[in-house]
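Work through the exercises below with the sequence and the model at hand. Each task is followed by a solution in steps.

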Amino acid sequence: MNSSRANNFPSTYDPTNIDSPGFDPETYVTKLLRESRLTSLIEKEQLLTKQIKTLDNEMQTLVYENYNKFISATDTIRQMKKDFKTMEDEMKRLMSTMSSVNTNNDQIHGKLDKSRGEIRKLTSIHLLLHKLQYLFQLPTKLKEYADDNQYELAVNTYTKASKALQKYEHIPSFNHIQQSCTETMNVIRDELKSRFDQQQTASSDTVKLLLQLGESSDYLAKQYLHQNRPRLEQLLEFMKQQLIIAENQSNAGSTNPLSQQMHPMDILEFIDTSYNSYIKSLHEFVESYDMLFIRHSSTISSSPSIEDETKERCKYYLEEYLLECYSAYVEFIRNLFESKFYGQEDETELYVRAIDRFLRRSSNDIYKYLFTQNAIEKIRLMLDSFLTFAIECRLKFYHANLDRHFHEQILELRKSLTMISPATNEQTSFDKQQQQQQQTQQTQINLTTFVDKMLKQLTNDIKYTFQNLSTFLNGTEMIGNTGKKNVFARQFAVNHVWNGFFLILLNRLIAYFEHEYTTASSCSATVRHEQSSPPILLLILSKLILNFDSSSIPYLCTVFEEKFNLIIENNQRNESQKGGNSLSLDRSKLTAIQKQFNVIAKHLLKQYICSQGYTLSQMLRKSIETRDWLNTIEPRHVRSVMKRIVEDLTQIDKQVMMLYNDHQSSSALGSMSSSYGRYHHRSNLTGSVGGGGGGGRSSDGGRRTIIMPRSSALDRATSGGPGSSGGSASNLQLNFHKVFNEKLDIFIDLQFQKTSILSSIIKLLLKTYLECIRLKTFSRYGLQQVQVDINYLYNYLWSFVNNDDRFITNLLEEIVSSTAMRCLDPVLMEASVITVICEGN
Amino acid sequence: MVDDDEAPLIYGVEFQARALCAVSGVPDDDTVRFLVGTQSIKFENQIHFLEYEEEAGLLNKSIYSHRAGEIWRMASSPTDHRRFATIYQNIQDSNIVSKCTVWQIPFDSNTEEGNSPTIDASTNQLHQPLRKRFDLNVPNTNIIDVEWETNGERIASISETNIYIWNVEQPDTPSISSTGAIDSKSSAIHKLSCCRWNPHMSTNQLATTLGPHIRGWDLRSMKPSFSIDNAHPPCVRDIDYNPNRQYHLMTCGDDCRVKFWDVRKTNECLKILTDHSHWVWSARYNRFHDQLIVTSSSDTRVILFNIASLSSEPYGSLNTSEDVKEETEELVNEDRLICVFDEHEESVYSAQWASNDPWLLASLSYDGRLILNRVPKNEKFQILLRCPT
């Protein structure tokens, strides 16, 4: 079969394959019949029969074997059934024996239990008896202890027993014991308390005992704190004493050289020692307090929440106390910094280090003992405010210093001016001319040096102060508590140095000048002596202010920028862009102040002009008012007052020239002078006359225009009597020229220039002349005298004002015209005669 | 803002002039009148009687000749608008003589004013002369200033050293009722130059200037009542009493300042105005609103101030609400310069308020230009309504 299978197709469903499941005997047979030969068919048949036979055999053996096995299995099961039955019987027997054992056991137990209980009872009674004995002995023991002052032992024993006593309090005998115990303990407590209360300095032991006795910790803590206060205060008091001593010594030091031997400590040392003694003892105390009230666990059992609460309260008391102590101490330190001796410490570095030391130490130490954020915040605030206070003290000190220097200088200046001015002002005779010359020379030198010296000193003072203040930032770590160094530096620079020092200083200067030297503040109710400050001083000061404004302030700004690493910005806008923390500073305030400086300088200058103009005018005015112009002789001389005026003007010119010259605006003036071509040729002479001063005063009358009254005025004065109808016409003519002349304004665009100043003075003078003339009536010779005087003035005045003498001509013409109008018999003097008279003098 | 009616009215006098006064004494009339006196040595001096017609904006003038001399000062009678006093100078034996006379305008100007322009146009000579009422002269003394008492019963005049009080109740027969003299020590140095009646204290007080000082006189005893020393060195030019606050007065002078004083406390002044750049020649309180002050100066400017802080009128109003009131107070409280009238080309020696119009003022400069100005409208309303515009 295998072979056929191997030979035939491997297909499984081959119906011809005898071994395949799809075998179909019909097809197989038909196929065989169809394909095979007879022989092979026979062979096949034989083979098949043989195969069938073997297969049958095999099947028979298999069935047999299985049958045998089944038979043996039934046998085994039957055997097992038999065995189980015997086992069950045995088990039943075991159970009965076990239960009998159990009952026996129970019986034994019951018998033994009684005796065991008795033994236990006996032992407990024994223990109780022991305790009772202890308790009964307790009162006497405690008393003994109390009598022996062994309070600690007593307290300890009591605390041990008290619990039991409390428990059995309802039993009368125990209650009695407890009462007697508490009595003794109360005695002890009272004793301790009185001791505690009486003691100046409470010992921590006593407090501990009292605490154990259940004294309220609140009270004790308060008391404890309270009792420690005097000790601390004593320390503080002692330091204060030291401070006072130091102060006294510093006061006496100047007079008594001996006291210098025991030189008081410097500020740093003082801070150190005071800190050591005070804060150290404070801290020691805090330590003990901490042990007593906060770290110990209460022996008296109470709910943990209550305990925590009391601890919290104790902490709170401590903090309060610490805050108080610290504020007292800081107050003292404040006093120290404010004090005359230490506050005036010249060494800024030392001062700064002292502040630094104090702040650093206290900020390091204090945080150890403070528990709540609140208290730390408070202390920090205190320290911060102290820092600002110390800085402010310093600023005040610098302010005072600068003020003193400045006032000293002004006093000095005044003194030196009074030495000069009488000499220069009292010159009348010509003999002294030479001497006067020298004097003015001296004044000239002095004036500029005065200004320079004062300016230098002031600038240096401020610069030095900047420098000193910058030490606040260098090499100190006091900013430790503020944390952010940059922020502090900026705040310091902006708030304290810039706003608090520099701007305030400038404002004070302004206020000073305004108050002292100008009468511009119209609200001033009191009548002041307006001549109190000499005019030269005004001039010098105005120059000083001007220079300070123009040179010192920018310089100081750069110094400030360098020292404090800030940039002074021109406008606010930039700063806002950069943000608040940028290194820039707004300049607008400074600009405003600078403007004020300029205004003040101008005010002072005005004041100067007024006072000089006033003195000159007074001279002129007296000379006109006292003279009888109706009855005067024919003029032969220039009146001496005119000469005097010219002399004084020359002197003023020199004064002013020293401080204000026209260089910066010479170009502007040049263009002006060219526009007035009429007088242009005179500019050549400026040098010779102006430079030559008093000695070189020669009249240039020959080439000069002679000032004559305006023709209209003369017409009017001379022409006809009441009958003439020319009145209104001439009036028109008289006023006609005014249309083309600008109005006289004395202070119009006053500039910081010699010409401007001088022309203002001259304007004032001539205006006075004019007004005085109008109040008088003149005869012919009176008019002529005025003519002579005016022309004399004319010859000199223009030299003071460079080339711009248009207004002088106008005013002089106006004066002569007015005189002619006020003249009864207006006959003018010949121009040539005027020239001769003017030159003749 | 300048309205048309606020534009100044300018009137020219053909001669130089210093004397200007407002005419009062016509109670039932609201025509504003001023008198101007000329100062000329050569020509016949004139008195210009000016009437301002507010509606037409016209200034009617009548000119009268003042032959006695050049006029330095004038004072109009408070009771009779036709009467006024002049201080005038003329030359006698090459000496200046200064006199005082009370004049009367010869006819009622209202009826005859139409004639005056024709007379004026034809010839200068035909100005009608003034009618002289009486002289107020004392032999051998120069009268410097004259001032009527507010009720017109008395006239004060001063010479350089003396004060004369004239009783003029009897028509045309003046008599000196009392005289006073400054002590010889101060008269050697300074002269009296200006006098002014105190409108308060039953007009028994007269203030005079004495060089840089001010002296007050009690007219009952003719003794000095108060003195302010060195009020305006070197010379005080004018005094005016506050019409409503009896102890306040205002002075001005050659130190270019205007000062306010309380005569009970003469060692310090209440306020100083420093806006003028030359001598201040006159300073006048407005009779109706005493915070308004006009000053004139030889710097050619006339300045109008509002000095509310020293005014008798209270700040703020009672019927305005709180916030408005505060604003008002801020505004009114502030003393300030209202405006500068700079139309003059010459020194302005006199500026006067109109006697019956609280908002009109006249100023006269040396070249004969008279300018009528008004208080700016918003200022006027502020004062009237007491609220900010």
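**Exercise 1.** Is H25(A) mostly covered or mostly uncovered, and how many of its 16 residues are buried?

Solution. The model is predicted. A residue counts as buried under 20% relative accessible area. By that cut-off, 13 of the 16 residues of H25(A) are buried, and the helix is mostly covered.

**Exercise 2.** Check the length of H25(A) against the span expected at 1.5 Å a residue.

Solution. Step one: the expected span is 1.5 Å times one less than the number of residues. Step two: for the 16 residues of H25(A) this gives 22 Å. Step three: the end C-alpha atoms of H25(A) are 22 Å apart, so the two values agree.

**Exercise 3.** Describe how H24(A) and H25(A) are placed relative to each other, and list the residues through which they meet.

Solution. Two packed helices are described by the angle between their axes and the distance between the axes. Step one: H24(A) covers residues 780–800 and H25(A) covers residues 806–821; their axes come within 10 Å and cross at roughly 175°. Step two: angles over 145 degrees count as roughly antiparallel. H24(A) and H25(A) are therefore roughly antiparallel to each other. Step three: collect the contact residues.

- H24(A) contributes Leu783(A), Val786(A), Gln787(A), Ile790(A), Tyr794(A), Leu797(A) and Trp798(A).
- H25(A) contributes Ile808(A), Thr809(A), Leu812(A), Ile815(A), Val816(A), Thr819(A) and Ala820(A).

Step four: sort them by class. The contact has eleven nonpolar and three polar residues, and no charged ones.

**Exercise 4.** In chain B, trace the open sheet that contains S11, and locate the partner of Ile165(B) in S14(B).

Solution. Step one: the four strands follow the order S11-S12-S13-S14, with antiparallel pairing. Step two: the edges are S11 (143–148) and S14 (175–181), each of which pairs on one side only. From one strand to the next, the twist averages 20°. Step three: S13(B), residues 162–167, runs antiparallel to S14(B) and is joined to it by six bridges. Within this pair, Ile165(B) has Ser178(B) as its bridge partner.

**Exercise 5.** Repeat the analysis for the open sheet of chain B that contains S6, and find which residue of S7(B) stands opposite Ser76(B).

Solution. Step one: this sheet has four strands in the order S6-S7-S8-S10, paired antiparallel. Step two: S6 (70–76) and S10 (131–135) are the edge strands, each pairing on one side only. Direction ignored, neighbouring strands are turned by 35° against each other on average. Step three: six bridges join S6(B) to the antiparallel S7(B), residues 83–92. Ser76(B) stands opposite Phe84(B).

Definitions and conventions:
Residues are numbered from 1 along each chain as its sequence is written. Chains are lettered from A and ligands numbered from 1 in the order in which they are written. This is a predicted model: local features need pLDDT of at least 70, side-chain atom pairs count only at pLDDT 80 or more; totals for chains, interfaces and linings use all residues. Side-chain values use heavy atoms; hydrogens and water are left out. Axes are lines fitted to C-alpha atoms, for helices over the stretch in contact, and angles run from 0 to 180 degrees between N-to-C directions. Helices (H or I, at least four residues) and strands (E, at least two) are DSSP runs, numbered from the N terminus. Angles under 35 degrees count as roughly parallel, over 145 as roughly antiparallel, 65 to 115 as roughly perpendicular and the rest as oblique. Contact means heavy atoms within 4.5 Å. Ala, Val, Leu, Ile, Met, Phe, Trp, Tyr, Cys and Pro count as nonpolar, Asp, Glu, Lys and Arg as charged, and the others, Gly among them, as polar. Two strands pair if DSSP finds at least two bridges between them. Buried means under 20% relative accessible area, exposed over 50%, partly exposed in between (1.4 Å probe, protein chains only).
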